[in-house]
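Hi,

Here is the structure I promised to pass on to you. My notes on what turned up in it follow below, so have a look at the model and then read on.

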Amino acid sequence: MPTENLSVLPQPFARDGGELCCEGVPLSMLCREHGTPLYVYSSRAIIESFQSLQTSAPFPLQRRVCFAVKANPNLGILSLLVKLGAGFDIVSSGELQRVIRAGGRPEDCVFSGVGKSAQELGQAVQSGVGCINVESQSELLQLSRVATSLGRVAPISMRINPDIDAKTHPYISTGLKENKFGLSIDDAHAAYRQARSLPGIRIVGVDCHIGSQITQLEPFVQATQRVLMFVDALERDGIELEHIDLGGGLGIRYRDETPPSAAEFMSTIGACVEGWLKGRVNKSRPLLMFEFGRAIVGAAGLLLTRVEVLKPGEAKNFAVVDAAMNDLMRPSLYEAWHEVISLTEKRPPPGAGEALCWDLVGPVCESGDWLARNRCLPLLAEGDFLALASAGAYGSSMASNYNSRPRPAEVVVHPDQTVELIRHREQLDSMLNDERVSSFSPVYSGAK
Ligand code: LLP
């Protein structure tokens, strides 16, 4: 069994003299300087992924790539994407504030989510968010009331649920009718007719997002075709759209998956759109939007960790590391695979026999606290540094304080070899700041 698979790493990460580096900066040096666990991102990898989605393959309509903030909401990452001209897909007032703090404009945001509160809708309308993706009739009515009371008009899309199997993990499939997201095509059509006559509402687009970590083109093609047919039906009804938002969901390689490249994805979707444009009576040219998260930042980030304790045993060999399920939740939650790579390459002497296989586990008090299973790591020793690859998306963004563990620091490495700290390691004080000791004195009723 190969001990490591560097094919999951984008180009800025490479070995140099046995040391895994980012832009030539040894990652073990970053571990010593900033401590572990540590998230490390390559800005070049993020920039290249974004640009290839935005510009690769000729495309028949103007396209706009939004970044799904939930994948990695760090201000350091968002500000990079602002400078690249990205739009943003947000799902809460908190994410809107992040985009604004990072220098982004509310007009460049689309607001998704199945349960936005009246307060969040109000904030979105008041700050001038570009489009609110409405997911139910009830939300449409609520938004009309909120916008009217503010004397504003809310730009909207309805999110349709096309009932398509994205062939991904059930927790991250969103476009099947048994999923909570969006409206069926019939219900969405009725909602558009209603929206037309509601005060405080302006129809600007249509939206669809069928799931995440999708590694085949076919579900995207099916969804695109359904959305485009629906746009035709709306146009026959006199409802014209300024944009069509096809969501995100493009997968990355964690192990041996072969997801379509940005160019393959864009040329395939572009061909669907081109065919549609040809057969269309209406000659308007709507903007084509996307909401990618993982495909922009997923491969660009690594979680670095230190081996604390080795516990070889009869049934299993455990390597207890200083990162845990609270730092990277994906393995515990989805049984996700993240490649494990030694920061300093170790070559066993000839005839050394098979390397031991290890389960990488964290210090959290649950057997579900594992990061990787059954990985062959030659000559693994306490104090070694390891990287968990493809952790740039839904890694730090899903981290928690479980077991009162402060969240990791985060750094970005730039092509000129500068290293920017974009998040300090969380301090115990700030972790406890919002809590209060209770002043209530319970009386022990059995006391004499
Ligand atoms: N748009 C909407 C409405 C979404 O709900 C999502 C992700 C995206 C765009 C971006 O999807 P992406 O391009 O990143 O696949 N925590 C899970 C992934 C959850 C995805 C949630 N929605 C994971 O770690 O795999």
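Starting with the ligand: in this predicted model, one of its oxygen atoms is 2.6 Å from an N or O atom in the side chain of Tyr394. A ligand nitrogen has a polar partner too, a side-chain atom of Glu291 at 2.7 Å. The backbone also takes part, as an N or O atom of Gly249 lies 2.8 Å from an oxygen atom of the ligand. On its own the ligand has 590 Å² of accessible area, and the protein covers 91% of that. Two elements, S12 and helix H11 (330–334), give two or more residues to the shell around the ligand. There are 19 residues around the ligand, and those that come nearest are Ser212, Glu291, Arg330, Tyr334 and Tyr394.

Next, helix H9. This helix runs over residues 262–278, 17 residues in total, and its first and last C-alpha atoms are 24 Å apart, close to the 24 Å expected at 1.5 Å a residue. Which of its residues are buried? They are Ala262, Phe265, Met266, Ile269, Gly270, Cys272, Val273, Trp276 and Leu277. Viewed down the axis of H9, these buried residues fall within an arc of 160 degrees, so they line one face of the helix. The spacing follows a general rule: an α-helix has 3.6 residues a turn, so residues three or four places apart point the same way. The cover over the buried residues of H9 includes helix H2 (43–55), strand S5 (63–68), helix H8 (218–236), strand S11 (243–245) and strand S12 (287–292).

Strand S5 brings us to Arg63, which is found there. Is Arg63 buried or exposed? With a relative accessibility of 11%, Arg63 counts as buried, because the cut-off for buried is under 20%. Beyond its neighbours within four places in sequence, Arg63 is in contact with residues including Leu53, Gln54, Thr55, Met266, Leu287 and Phe290. A polar atom of the Arg63 side chain lies 3.4 Å from the backbone oxygen of Thr55. The C-alpha atoms of Arg63 and Arg285 are 11 Å apart, with their places 222 residues apart along the chain.

Two aspartates are also worth a look. Asp369 sits in the loop between strand S16 (357–361) and strand S17 (370–376), and is buried at a relative accessible area of 1%. What does the side chain of Asp369 reach at 2.7 Å? That partner is the backbone nitrogen of Met325. A polar atom of the Asp369 side chain also lies 3.4 Å from the backbone nitrogen of Gly362. Ala324 is 45 residues from Asp369 along the chain, yet their C-alpha atoms are separated by 6.3 Å. Leaving out residues up to four places away in sequence, Asp369 touches several others, among them Ser332, Val361 and Pro363.

The other one, Asp108, lies in the loop between helix H4 (93–101) and strand S7 (109–111). Asp108 is buried, with a relative accessible area of 17%. Apart from residues up to four places away in sequence, Asp108 touches Arg64, Gly87 and Phe88.

Lastly, helix H5 (residues 118–127) has Glu120, Leu121, Gly122, Ala124 and Val125 as its buried residues. They pack against H4, S7, strand S8 (131–134), helix H6 (137–149) and strand S9 (154–160). After H5 comes Gly128, which has a positive phi, near 90 degrees.

Happy to talk any of this through.

Best wishes

Definitions and conventions. Residues are numbered from 1 along each chain as its sequence is written. This is a predicted model: local features need pLDDT of at least 70, side-chain atom pairs count only at pLDDT 80 or more; totals for chains, interfaces and linings use all residues. Side-chain values use heavy atoms; hydrogens and water are left out. Helices (H or I, at least four residues) and strands (E, at least two) are DSSP runs, numbered from the N terminus. The expected span of a helix is 1.5 Å times one less than its number of residues. Buried means under 20% relative accessible area, exposed over 50%, partly exposed in between (1.4 Å probe, protein chains only). The arc is that of the directions from the helix axis to the C-beta atoms. Contact means heavy atoms within 4.5 Å. A residue is near a molecule or strand if one of its heavy atoms lies within 4 Å of it. A polar contact is a pair of N or O atoms within 3.5 Å; within protein, one must be able to donate a hydrogen and the other to accept it, and residues adjacent in sequence count only if both atoms are side-chain atoms. Accessible areas come from the Shrake-Rupley method with a 1.4 Å probe; for residues, only the protein chains shown count as cover.
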